[in-house]
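User: Could you take a close look at the aromatic pairs in this structure for me, and then place them in the wider fold? I'd enjoy one connected walk-through.

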Amino acid sequence: MLAKYESHKNLRQDKLCPFLVHYKCRAFNAVCNWHPNLEVILVLEGSGYMQYGADTLSVREGDILIINPNVLHRFHKSESMIYHCIIIDEVFCADNGILTDELLFVRHFQDSRTEVLCRDIAENYLCYQSDRTSLKGAKA
């Protein structure tokens, strides 16, 4: 099995935004990866499987996955699954008293309030990254 470390070097380039969002990704048979950052995934459409450490999780629309720091993970091939991926900077977490290396987050659940928050974060991130936004002034 191939695996790679992801450093997310560009995560700290924008000091006003302590996370990255991969917006509406399509699931594919990716190489396993791991990183020190907390990752939140919201499955928007379809279903499939995620390898999470030594376990395989069955996932479907509305599922939320929390990838704990340094856990090997990947989606198995699923041509119909679309998801948002939010990667939160571990330094931001530590600076705010969230010691992600000492906590173990629930890895797989459904919750309508958390789903709405994930969707809002992804949509606002897309707006924030756009040059045509009123948020641009706050960004500068």
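Analyst: Happy to! Searching the whole structure, which is a predicted model, turns up two aromatic pairs. In one of them, the ring centres of Phe19 and Tyr125 are 5.8 Å apart; the ring planes meet at 40 degrees, so this pair is classed as tilted. The tilted class covers plane angles that are neither under 30 degrees nor over 60.

Where do Phe19 and Tyr125 sit along the chain? Phe19 belongs to strand 2 (residues 19-26), while Tyr125 is part of helix 2 (residues 112-129), so their pairing ties together parts that lie 106 residues apart in sequence. The two partners also fall into separate burial classes: Phe19 is partly exposed, at a relative accessible area of 22%, whereas Tyr125 counts as buried, at 14% relative accessibility. The cut-off that matters here is 20%, since buried means under 20% relative accessible area.

Now for the other pair. Phe75 and Tyr83 have ring centres 4.6 Å apart and planes at 45 degrees, so this pair is tilted too. Here both residues, Phe75 and Tyr83, are buried.

Tyr83 leads us on to the strands, as strand 9 spans residues 82-88. Strand 9 runs antiparallel to strand 4, and seven bridges join them. Within this pairing, Ile82 of strand 9 has Glu45 opposite it. On strand 4 there is a further partner, strand 7 (residues 64-67), which is also antiparallel and is paired through four bridges. There, Val40 stands opposite Ile66 of strand 7.

How buried is strand 4 itself? Of its eight residues (38-45), seven are buried, so strand 4 is largely enclosed by the rest of the structure. As background, side chains in a regular strand alternate between the two faces of the sheet.

Stepping back to the fold, the chain contains three helices and 10 strands. Reading from the N terminus, the order is β-β-β-β-β-β-β-β-β-α-β-α-α. Across the chain's 140 residues, 41% count as buried. The link between Phe19 and Tyr125, 106 residues apart, can be set beside the contact statistics: among contacts in the chain with a separation of 6 or more, 76% come from residues 24 or more positions apart. Finally, the chain's accessible surface comes to about 8,300 Å², with 53% of that belonging to carbon and sulfur atoms.

Key. Residues are numbered from 1 along each chain as its sequence is written. This is a predicted model: local features need pLDDT of at least 70, side-chain atom pairs count only at pLDDT 80 or more; totals for chains, interfaces and linings use all residues. Side-chain values use heavy atoms; hydrogens and water are left out. Rings of Phe, Tyr and Trp (its six-membered ring) pair if their centres lie within 6.5 Å; planes under 30 degrees apart count as stacked, over 60 as edge-to-face and the rest as tilted. Helices (H or I, at least four residues) and strands (E, at least two) are DSSP runs, numbered from the N terminus. Buried means under 20% relative accessible area, exposed over 50%, partly exposed in between (1.4 Å probe, protein chains only). Two strands pair if DSSP finds at least two bridges between them. Contact means heavy atoms within 4.5 Å. Accessible areas come from the Shrake-Rupley method with a 1.4 Å probe; for residues, only the protein chains shown count as cover.
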